[in-house]
Every structure is written in structure tokens, then in C-alpha cells.
Amino acid sequence: MLQSVLGVVTAAALVLAGGVAASAEVPDTPEIAHADVSGAIGHRVSDRSALPVVESEIGRGAALTDVAGTTVALGDAVAGSDAALVRIAALSAPVDTRVLRAGAVPVLDVVAGASASTTVLLPLEDGAVQLWADAAVDVRIEVLAAFDSDPLLPGSMIALQEPVLRADTSAGLAGTVVGAAEVPVGVVGAGGVPSEDVRAVYATLVVDAPSPTTVIAGGQRLPVPAGRTTLTTIVAPDATGAVGLTADVDVAAQLYVTGWIPDEPPFASQVSLPGSFVVTADLTDGATVDLSEREPESVHITRHADAAYGLAVVAATGASETTLLDLGPAYEGRARGAVVDARRGAIPQLVLTAQSPDDVLTLRRGQASVSWAPVGDILGEEHVRPFDARPTVTIDSHDDGHDVDLGDHGFFTLSGALTAPGSSIDRVEISGPDGLIGTADVRSDEDGIHWEFGAAAPTDGSFTYTATVYDRAGHSAADDVVVDVVAVDADDTVTAPDVRVFNQDPRQQWLHQRGDTEALLDVEPDFAPGDVLIGAVPAGVDESAMGTPDGWLVRVVAIDRVAEGWRIAVEQAGLDEAFFQVDISETEQLDDGARMSVDDDPSAVAAPVDEAGVPIAYPEVEFADGDGERAWVATGSEVDLDDIAEDATGTGFAPASDVRPMAGDSVASGSMSMQANLLWEWKDGAKTPNIKEFSKKAATPEEAQRILDSEYTAASDMDSLTLALAMKAQVGADLEFVFRTHFTWEWGFSPVKIVVDDLTMKVIATVKGSLQLKASIATKVESVTWVPLGAFVLPTVTFLAGPLPVVITNDVLTSLKSSYGAEAKIALPEISWKRVYTYGFTYSTAKGFQTLSEEPKTTSKLGPFEGLNGLTLSASITAGVGPEIVASAKFYGALGGELVIGGQVKFEITAGVENVGHWRAFIQYKLLLALEMNGNVKLEFKLFGKKLELGKAKLFSYVLEIPIFTGRWTTDALSAAAAAGGGSSSPPGRITAV
């Protein structure tokens with residue numbers, strides 16, 4: 001019930017259809033507004049004397065062929081309808097034959113020389129249905145009824161275009177055999193059938209039996225002969241969304257769900273409408289009779305006084321000859337009804353008849369043993385019936401004086417049983433001390449009619465709750481209970497009662513995540529479709545062994561037994577489905593070196609993609625092997641995330657005192673460290689460079705840089721086009737998380753009362769690094785390179801909201817991105833920088849999403865120029881190099897943010913000769929810090945059944961180019977230095993930024 005309630009987007013009136021159906025008048029305005037159920041379900045039942053639309057034996061229409069997808073027009077009987085209830089009879093099959101419908105699903109099996117029939121609900125397309133056989137066979141096809149299909153109208157008949165297989169014992173689906181032990185088969189949540197609010201389904205069973213036996217499915221006894229039998233019936237799922245199968249002897253079985261019938265929505269103003277199907281199947285109902293030619297047996301299959309039609313299952317065994325079996329008023333003339341074969345009898349099949357006290361079972365010829373049982377009623381218009389039997393209601397969940405503490409879950413479930421001996425149930429109202437609270441959920445299955453309702457209380461006390469049932473004739477009955485309630489306090493943490501937590505304790509049964517929409521469980525689930533699952537991330541468990549490595553907050557959609565366990569289909573759940581009233585405010589410094597891990601295998605970092613998701617092609621990099629590291633976790637004294645001592649005064653950067661410190665002003669005990677030592681070499685005029693990375697070739701970064709310098713010198717001496725880059729960086733990260741909600745507690749539970757006061761996630765990333773670059777290039781070259789450095793997994797943060805874990809996972813991917821074009825020989829001095837990035841978002845019911853991001857804070861330092869002597873005239877070089885960092889924090893692996901930091905140092909140098917009255921050489925140079933940061937939030941966030949889905953929304957983007965310095969140097973400076981008696985011939989080491 002709870003998850004059905006949570007599926008209501010709004011408790012305001014939900015108009016389900018035009019018009020107003022007659023129903024018992026609703027006297028009060030409820031605390032929880034009704035979902036308005038009104039109108040009528042269009043349907044048309046064929047006249048019993050109507051001729052079949054196809055009777056190929058006498059030339060009316062064609063025999064079925066083996067052409068898949070063949071359509072059969074059903075004529076005026078189905079005009080304007082969406083689905084048709086059709087009886088199909090295969091006559092005197094020349095060989096063993098199987099009849100199939102849309103989706104290539106079998107509907108009837110006939111052995112050679114025999115005849116058989118079945119009744120199925122088929123989807124209509126332009127007044128036709130798809131039917132074919134695996135061998136040509138004569139058929140008789142009759143339309144019993146046609147229906148308008150609307151999933152918003154309770155009791156509507158909906159045929160699936162593509163039926164879904166939910167049991168196949170030959171493949172281990174649902175089980176390996178059907179026998180004395182019940183095999184539960186999930187029938188909801190797949191193939192277009194919702195996971196909740198399903199009144200019944202059309203089920204096609206394929207049974208292979210070694211001898212005649214009886215299969216019991218959903219409270220119906222279905223006798224089948226030896227061999228393969230295919231039959232269709234209507235069954236109601238139990239509270240777990242399953243139908244139980246048993247058999248007297250072990251049989252192989254398949255079960256296809258071919259259609260479904262919706263139930264009423266939560267808080268419905270009435271349970272059913274004119275035209276609604278209501279379940280009446282009961283294992284104790286029905287009978288088996290010996291029937292003879294022209295000696296009909298009186299039967300009554302409708303179970304409600306307001307039924308217009310009744311559906312039943314009939315079957316026959318021990319037939320003396322091939323004939324037809326009919327259920328309805330006695331008749332004369334042309335034979336009609338279900339086929340009864342002399343050898344195999346009549347397989348269990350649906351029959352439809354109008355409400356009548358004169359219904360009889362009629363066997364046209366011979367004798368047979370005939371069984372029948374009601375399946376359901378199709379309701380008609382309501383009429384006042386003052387002398388009908390009255391309904392009954394009981395409250396079974398609580399006794400008078402029962403103590404209930406709402407501090408954990410906020411509400412308690414009242415439930416009980418109903419009977420409807422006269423007209424069908426219209427609604428069940430729940431009242432409290434202040435009057436009508438709302439309507440209860442009503443469900444029927446093989447065990448009877450049940451109701452339940454989520455009740456609460458705003459204050460402590462002893463309160464009376466009353467359940468009143470109304471039938472569609474206006475009769476009512478009531479029951480009440482006195483419950484002693486301890487109400488929710490403002491500081492209570494209140495969570496949903498039907499949430500299951502997995503993977504919190506390594507000793508617990510593990511839930512294994514398989515992608516975003518599927519999980520596997522090794523033992524039979526104790527939950528049902530509609531329930532919520534939380535996958536935790538336990539401490540001390542290797543990630544490869546974790547069932548839900550990012551945490552998981554999902555709703556169960558469907559459950560299937562498979563060979564390796566139980567396959568659970570899931571979808572993202574809303575936060576309000578698990579957390580009703582919580583108050584979490586935490587700051588975590590993600591610096592625990594013992595809980596940080598890194599993988600510097602290049603494959604650990606996913607290659608970048610373009611906007612279309614296509615991987616971007618970059619030149620391949622040859623990574624040297626060895627004992628060194630490209631990425632590692634620094635601890636203790638190795639951690640260096642302090643501000644750079646010397647401010648870059650006048651550069652436009654914020655001074656160190658303005659840089660935001662790490663969370664809590666604490667000192668990091670671990671950081672993500674990385675290095676790159678790269679050599680690009682163009683040999684023999686090649687357009688694509690050979691790229692080598694040497695970091696793992698040495699034990700320390702300093703030694704790796706010395707190896708790089710040596711390789712660079714050797715390559716330069718060989719007159720190849722060469723570029724060398726050495727980069728070192730460290731990254732630290734903090735997480736701030738706030739989650740506050742509250743609930744307005746009254747007498748009933750409705751999720752629209754949940755208010756999100758604050759949902760905030762903020763990541764603070766500190767990046768500190770330095771780099772040096774050398775180039776010896778004699779010809780213009782251009783290239784863009786991307787080099788993966790390492791993937792860091794930061795500690796997973798878990799907070800507890802009552803008994804439920806709130807899981808946030810964090811990871812950082814690092815790479816080096818560079819671009820350049822040059823013809824020069826240059827050595828760039830070491831440049832150091834530190835930047836603090838603050839990124840995040842906040843959400844509240846009142847204000848929606850807002851960004852918490854701040855403009856990055858920077859300090860930097862530039863070393864002295866060296867090595868510009870001998871610069872070739874008329875040369876130029878442009879380059880940009882720096883680390884690219886992708887930091888993400890994910891809330892249950894779904895809701896969260898991704899921070900992409902692309903910081904590069906760019907430099908441009910041009911040299912030439914100019915005439916200013918005399919010839920002189922010049923060098924013009926510019927050094928910039930190019931900053932690009934994009935904040936993305938993954939908004940697949942659900943509240944109150946409403947999905948706020950924006951994909952990856954860009955909350956902000958910073959693109960800045962900040963000049964560190966610009967300058968111009970000429971050979972006039974040499975003349976001035978000589979006149980002064982000496983001086984350096986190099987450009988100045990510090991130049992004020994422009």
C-alpha cells in the first residue's frame with residue numbers, strides 16, 4: 001500500500017475519465033483528498049447467436065497459415081475498440097499444430113487428428129488481430145467481447161502487444177519444475193505491466209505433463225491432459241505481485257503474461273466503475289458435474305448483484321465424442337461454445353455470459369465430466385437494492401488498547417477483511433477523531449477481499465479509528481478500534497517502514513547490483529514490487545566484492561526466480577519514499593590515506609568524449625614500466641597543500657589569505673598526488689609524434705625528471721623535433737552534506753505533506769602543482785595530447801538516518817592535457833600554482849535547485865627565466881599544459897555532481913628582427929594561466945513521485961585567461977648593458993603583469 005500511495009503525484013482530484021458513475025454519496029470532505037474515479041469503461045458483448053467471423057471449414061474466411069504476423073479482421077464487432085476477447089478453435093488438425101498470436105506467443109496446442117479451443121484477450125490494430133499457426137489448420141474464430149482499454153480506469157481490460165515470459169521451468173525461470181510445492185511466479189512489473197495497482201493479469205500457461213493432472217494457478221483448478229497443453233485464464237496477483245503454481249504431478253511449465261487489469265489508485269473515490277472487471281475466483285468455489293447431451297446443468301457464475309456479465313473457466317474430461325460445451329441460457333439451433341474433443345476433452349478456457357438466474361451448462365452431444373469455476377464479474381450500472389445482503393468489514397491488524405509508537409516510521413497500517421455478498425465494494429472510508437481521513441486501498445485475491453490504510457496521529461493519546469465499507473447499492477457496515485498512540489516528535493528521525501537495507505554488514509545476505517536497473521539476490525526476497533531497497537557500502541570490504549559500490553536507493557519493479565538466484569528489476573526511488581523526517585548536517589574531510597586508493601593503470605581513466613559521446617582520438621602514449629608511480633596517495637609530511645609562500649602581487653590573483661581553507665580548518669593527512677614526465681618526438685618529418693611517459697621508470701619524481709632531461713637532451717642532439725614536460729600536482733577534497741526534511745503529521749499518511757527543507761552537497765577541491773617545459777623544435781608543429789595519470793577512489797561517506805544509511809561515494813580521475821604549436825628552442829621556468837574550487841548545489845521544496853559554487857581562489861609563483869640565449873629569430877611558440885581533474889560526489893550513485901577542472905599554463909613567445917632607425921632583434925612574450933571549470937549536476941531526483949530529470953545540467957562554467965606577465969625584450973638592452981659595464985643578456989626574471 002505504501003508505495004502505491006507514494007506513486008500519487010498529488011492528492012488533488014485526479015480525473016480519470018469523463019462522466020460520473022453512480023456510487024454511494026461521499027458525505028464528508030476527507031483530510032486526504034480523493035483521487036476522483038469516475039466515468040465508465042466502454043465494452044461491447046457479442047450477441048450469443050452471432051456467427052463466427054471465421055469458419056474456414058465451410059468457407060467463411062481462410063484457414064490459418066504458417067506466415068508469421070498474419071492478421072485476421074474481426075469486423076464490426078470490434079469497431080473502435082482496443083482489445084477483443086476471442087475464442088479460437090482449431091479443427092481436425094492434420095498434424096500436431098501450435099497457434100500463435102502477436103509477439104509469437106503460443107495460445108493453443110492441438111495434437112494431430114484432434115480439435116481444441118481456447119479464449120484469449122488480443123490487442124486490436126485497425127480492427128484486426130495477429131494469428132497464425134506453425135502448420136495450416138482450419139479454424140473457427142468468434143468475438144465474445146470488445147473493450148476500450150485505459151490504464152487509468154480500474155477494471156479495464158488491457159491486452160499486451162508483446163507478452164512477457166515470467167516462468168519457464170526448462171530454463172530455470174521461476175523454478176525448475178512445478179509440483180506439490182508452490183512455485184511463486186511474479187506477474188507484475190515487466191512487459192508493460194506496472195509493479196503496483198494491478199487487479200489481475202491474463203496468464204497463458206504452457207504445461208507439459210507426463211500424465212493427466214490438475215494445475216492450480218491463483219486459486220483456480222485447471223485440469224490438463226497428458227502432453228503439452230496451452231491455456232489462458234485471468235489470475236489475481238497476491239500481495240507480493242506473484243501467482244502461485246502447483247500441480248498434482250511434476251510438470252514443466254511456462255507462463256506468459258498477455259494482458260492486465262488495473263486496480264484503483266490510492267485514495268480512490270470509488271473502487272470500480274460500470275464496465276470494471278472485479279475478481280471473484282476462489283479455490284473453494286465452482287464444481288465438477290457429469291453432463292449429458294441435452295440435459296443441461298444449472299449454474300450461476302456471477303458473484304455480485306451489480307454484475308452485468310460473468311467470466312468463468314470451464315473444462316471437460318472423459319468425453320464420449322467430439323462436441324461443443326456452452327455456458328449461458330438454454331438454446332436451440334446451431335451448436336456453439338467451447339470444443340470438447342473425444343480424446344482430449346476441453347482444455348480449461350474462459351467463457352463469458354450475461355448475469356442471469358437461468359444460466360446452464362449445455363453439452364451438445366454425448367457425455368463428459370465438466371468442471372466450472374467463477375473468475376470475475378464485469379460490473380453494470382449501479383441500482384439501489386434495499387433488500388440485498390450487506391457488506392461486512394473487520395479491523396484485524398490491531399486490538400483495542402494496542403500501543404503504537406510513531407517515532408520510527410510516522411504511521412501504522414490499519415488493515416482487515418471485507419465481504420460483498422450483495423453488490424460489489426464501492427469504497428472503504430477511514431475516520432478518526434476529527435472525522436473522515438481518507439479511503440483505504442482495496443485488493444482482491446484467491447484468499448478474499450482485503451483493505452489497508454496508513455494512519456497516524458498529530459499528538460499523543462488514545463484514539464478511535466473507524467473503517468466503514470460501502471457497496472455500490474448504498475449499504476454500509478463499520479468496525480472500529482482504539483489505539484494508544486505516541487506521536488512523532490520534532491527531533492525524531494522518521495523513515496519508511498518497508499525499506500530493506502542490504503550490504504551493511506558483511507555477514508548479511510548480499511545484494512549484487514547489475515547495472516542501473518537490475519540486481520541479483522541469492523535467497524528468496526522478503527520484499528515485494530513497490531518496496532524500496534537501500535544498498536550500503538560497508539567499511540573494510542574490497543570494492544570488487546561490494547554488492548553496491550556506490551550505494552543504491554531503488555524501488556523494486558519486478559522479481560523473477562532465475563537459475564543463479566532471484567533477479568530483481570529496479571528503478572530509481574524518490575528520497576521521500578525512504579526518508580520522511582531527517583536532519584543530517586555533516587562535513588567530511590576526504591583525506592584518510594588508509595581509506596584512499598589509486599589505480600595508475602591508463603585504462604583506469606576513461607578517455608574523454610565529445611558532446612555526442614564519441615571518444616576523442618588522441619595520439620597513443622607509450623608508458624614506461626618500473627617501480628615508480630604516476631599517481632599515488634601522499635601521507636604525512638609528503639602532503640603539500642599549503643598556500644604558496646610568495647603571492648603573485650599585481651597579477652590579479654587572490655592573495656593566500658583569501659583562499660578558503662580545507663573543511664574545519666584541519667590539516668589534510670592524505671592527498672591525491674600525481675606526476676607526468678613526457679617526451680614528444682617527431683622523427684623524419686612525421687606529423688604524429690612518438691610520445692613516451694617515464695614516471696614509473698624511477699622511484700622518485702625527481703629521478704624521473706632527471707631521466708626525462710637525459711632523454712630530452714639525447715633527442716635534441718639527434719636534431720629531431722622534441723618537447724619535454726615535467727609536471728607534479730597534489731589534490732585534496734572535502735565534502736559538505738546537509739539533508740533536512742519534515743512532515744506535517746495529521747491522522748493519515750500522505751507523502752505530499754513531506755517538505756524538503758534543505759538538500760545540499762558541496763565539494764571543495766584544492767589543487768596545487770608545478771610544471772616545467774622544454775622544447776627544441778625547428779619546424780612548425782601542432783598537436784593536442786591527453787595522458788591518463790590515475791583514478792583515485794576516496795573514502796565513501798555513510799551517515800545514518802535512523803536505521804537507514806545515507807551513502808555518498810567520491811572519486812577523482814586525473815589526466816594531463818596539453819596543446820602546442822611551435823618552432824623554437826625554449827626552456828620554460830617552473831611555475832607553481834594553487835587553486836581552491838568550491839562546487840555544489842542545494843535544493844528545497846520552496847526554492848528548487850540553486851548553485852553553491854564559488855569563483856576559484858588562486859595563488860601562484862613564477863620562477864626565473866633561463867635558457868633563452870640563442871633563440872632563433874622569427875620563431876614562435878604557443879603551448880598550454882596542465883592537469884585535468886574530474887571530481888564527482890554521488891548520492892546513492894544517482895543524484896550528485898561532477899566537477900571538471902581544466903587548469904593549464906599557456907605561453908606565447910614570438911621572436912624577430914625590426915627596424916626602428918636601426919636594426920635590432922626582439923622577443924615578445926606572454927604567460928597566462930588558463931582556467932576552465934564546469935560544474936554539472938545529475939538531476940534524476942524524485943520527490944512525491946515526480947521525477948526532476950534534467951540529465952546532466954551545467955550549473956556553472958568558468959573560462960578565464962589571467963595574464964601572469966607580458967613583456968618585450970630587444971637587443972637594445974645588450975647595448976645598454978655593455979655601456980654600463982656588464983649585465984645579463986637574458987630577459988628579466990620578474991616582470992610586472994600587464
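Biologist: I'd like to start with β22 and β23: in which sense do they pair, and over how many bridges?

Modeller: Strand β22 (residues 323–328) runs antiparallel to β23, with three bridges between them. Two strands pair if DSSP finds at least two bridges between them. One of those matches puts threonine 323 with valine 340 of β23 as its bridge partner. Keep in mind that this is a predicted model, where local features need pLDDT of at least 70 and side-chain atom pairs count only at pLDDT 80 or more, while totals for chains, interfaces and linings use all residues. Residues are numbered from 1 along each chain as its sequence is written, and side-chain values use heavy atoms, with hydrogens and water left out.

Biologist: Which sheet do β22 and β23 belong to?

Modeller: An open sheet of four strands, in the order β20-β25-β22-β23, with antiparallel pairing. β20 (297–298) and β23 (338–340) are the edge strands; each has a single partner, so one side of each is left without a neighbour in the sheet.

Biologist: How many helices and strands are there in the chain?

Modeller: Three helices and 60 strands. Both are DSSP runs numbered from the N terminus: helices are H or I with at least four residues, strands are E with at least two.

Biologist: Where else can I practise reading a strand order, say with β3 and β8?

Modeller: Try the open, antiparallel sheet of four strands in the order β3-β8-β5-β6. Its edges are β3 (71–73) and β6 (105–110), each with a single partner strand, so each has one side without a neighbour in the sheet. From one strand to the next, the twist averages 35°, using axes fitted to C-alpha atoms and angles from 0 to 180 degrees between N-to-C directions. β3 and strand β8 (residues 128–133) run antiparallel and are joined by three bridges; valine 72 has valine 129 of β8 as its bridge partner.

Biologist: Now for burial. How many residues of strand β4 are buried?

Modeller: Buried means under 20% relative accessible area, exposed over 50%, and partly exposed in between, with a 1.4 Å probe and protein chains only. In strand β4 (residues 83–91), nine of nine residues are buried. Both faces are covered: one side has Ala83, Leu85, Arg87, Ala89 and Leu91, and the other has Ala84, Val86, Ile88 and Ala90.

Biologist: Which strands pair with β4?

Modeller: Strand β7 (residues 116–123) runs antiparallel to β4, joined by eight bridges, and β9 also pairs with β4 in the antiparallel sense, over nine bridges. Arginine 87 shows both pairings: it stands opposite threonine 119 in β7, and its bridge partner in β9 is glutamate 142.

Biologist: What share of the whole chain is buried?

Modeller: 57% of the 994 residues. As for contacts (heavy atoms within 4.5 Å), 77% of those between residues at least 6 apart in sequence join residues at least 24 apart.

Biologist: How many salt bridges are there?

Modeller: A salt bridge is a side-chain nitrogen of Lys or Arg within 4 Å of a carboxyl oxygen of Asp or Glu. The count here is 23. One of them joins arginine 140 and glutamate 55, at 3.3 Å from N to O. Arginine 140 is in strand β9 (residues 138–147) and glutamate 55 in strand β2 (residues 54–55), so the pair ties together parts that are 85 residues apart in sequence. Arginine 140 has a relative accessible area of 15%, so it is buried, and glutamate 55 is buried too, at 8%.

Biologist: What about aspartate 445 and arginine 443: buried or partly exposed?

Modeller: Their side chains form a salt bridge at 2.6 Å, N to O. Aspartate 445 counts as buried because its relative accessibility is 7%, while arginine 443 counts as partly exposed at 24%. Salt bridges can also form a network, as with Asp306, Glu382, Arg385, Asp388 and Arg472.

Biologist: Last one: which side chain makes a polar contact with that of aspartate 560?

Modeller: Arginine 166, at 3.0 Å. A polar contact is a pair of N or O atoms within 3.5 Å; within protein, one must be able to donate a hydrogen and the other to accept it, and residues adjacent in sequence count only if both atoms are side-chain atoms. Aspartate 560 sits in strand β41 (residues 552–562) and counts as buried, at 9% relative accessibility. Leaving aside neighbours within four places in sequence, aspartate 560 has contacts that include Leu173, Gly186 and Trp566.
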